[in-house]
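Welcome to a short set of exercises on reading a protein model. Keep the structure open beside you, try each task, and then compare your steps with the worked solution.

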Amino acid sequence: MPEILSAPSFNARIVERLGVGPTSRRERVIHSLDGLESPVSPNALATAGADLWARVQRQVAGLGPVDFLLGLDAGGILPTVALAPAAQLPYKIAWKLRLPLDGAVRFSEPHAMRTDVYAYGIGAGQRIVLVDDEVTTGRTLANLSESLREAGALPLAAACLVEDTSRGARALLDGLGIPLVALATIEAAA
């Protein structure tokens, strides 16, 4: 059984994905905010957002002003919407949609079926906190951070609901100067 750590308002675990192909991940992190096993109370969502924002403020030295949160399609939408009111910050969502909009930044989600993701309205000097539901290898957030920097934006930190500590995401993001803040950690079986 994998190790499970949780915050008072939040818990997560790893389950086997059924019927996946040989190139897909065999496991999935499920958590108390995804609505898979039971309905989610709005209070639970608000509490998780407040708890995660409090951790970001405590753990990210010199965070300074933030222009907006940038959540990832699709799993990052829920934590972004939970975090925004707690942080009193606007948010944007990066989508797997290529559109004719200004300030487009393309990055890759390597483990997904559709790997191209786009953030829009990105400009030089914008100070951004990245948000996702789970972080395993960290490659998606690393790719996004590099693309944002190429556009002149400043990714300040990454916040997630669950960090899988067995895949090296924290070290990868630390190497890029992106602190990773998680509401809970879990370790997948090797």
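**Exercise 1. Find the residue of β4 that stands opposite L72, and place the two strands in their sheet.**

Step 1. Opposite L72 you will find A94, a residue of β4. Strands here (E, at least two residues) and helices (H or I, at least four residues) are DSSP runs, numbered from the N terminus.

Step 2. Strand β3, residues 68–72, is joined to β4 by four bridges, and the two run parallel. Two strands count as paired if DSSP finds at least two bridges between them. Strands of a sheet pair through backbone hydrogen bonds, either parallel or antiparallel.

Step 3. Now zoom out: the open sheet has five strands, in the order β4-β3-β7-β8-β9, with parallel pairing. β4 and β9 (180–186) each have a single partner strand, so these edge strands are left with one side lacking a neighbour in the sheet. From one strand to the next, the twist averages 20 degrees.

A word on the source: this is a predicted model, in which local features need pLDDT of at least 70 and side-chain atom pairs count only at pLDDT 80 or more, while totals for chains, interfaces and linings use all residues. Residues are numbered from 1 along each chain as its sequence is written, and side-chain values use heavy atoms, with hydrogens and water left out.

**Exercise 2. Work out which strands helix α1 and helix α2 touch as they pack on the sheet.**

Step 1. Start with helix α1 (residues 42–59), which touches β8 (154–164) and β9. Contact means heavy atoms within 4.5 Å. The direction of α1 makes about 125 degrees with that of β9. Axes are lines fitted to C-alpha atoms, for helices over the stretch in contact, and angles run from 0 to 180 degrees between N-to-C directions.

Step 2. Go on to helix α2 (residues 77–87): the strands it touches are β3, β4, β7 (127–135) and β8. Its direction and that of β4 make about 175 degrees.

**Exercise 3. Decide whether C160, E163 and S145 are buried or exposed.**

Step 1. Learn the cut-offs: buried means under 20% relative accessible area, exposed over 50%, and partly exposed in between (1.4 Å probe, protein chains only).

Step 2. C160 sits in strand β8, and its relative accessible area is 0%, so C160 is buried. Beyond the residues within four places in sequence, its contacts include L52, D132 and V181.

Step 3. E163 also belongs to strand β8. Its relative accessible area is 4%, so E163 is buried. Among the residues it touches, not counting those up to four places away in sequence, are V135, R170 and I186.

Step 4. S145 is part of helix α3 (residues 139–150). A relative accessibility of 1% means that S145 counts as buried. Outside its neighbours within four places in sequence, S145 contacts L130, P155 and I178.

**Exercise 4. Find the salt-bridge partners of R13, E134 and D116.**

Step 1. A salt bridge is a side-chain nitrogen of Lys or Arg within 4 Å of a carboxyl oxygen of Asp or Glu. The whole structure holds eight of them.

Step 2. R13 pairs with E37, and their closest N and O atoms are 2.4 Å apart. R13 is in strand β1 (residues 12–16), and E37 is 24 residues away in the loop between β2 (27–31) and α1. R13 is partly exposed at 32%, whereas E37 is exposed at 58%.

Step 3. E134 pairs with R28, with 2.8 Å between the closest N and O atoms. E134 lies in β7 and R28 in β2, so this pair ties together parts 106 residues apart in sequence. E134 is buried, at 10%, while R28 is partly exposed, at 31%.

Step 4. D116 meets R106 at 3.0 Å, N to O. D116 belongs to strand β6 (residues 116–119) and R106 to strand β5, ten residues apart.

**Exercise 5. Where does W95 lie?**

Step 1. Look in the loop between β4 (91–94) and β5 (105–108) to find W95. Its relative accessibility is 35%, so W95 counts as partly exposed.
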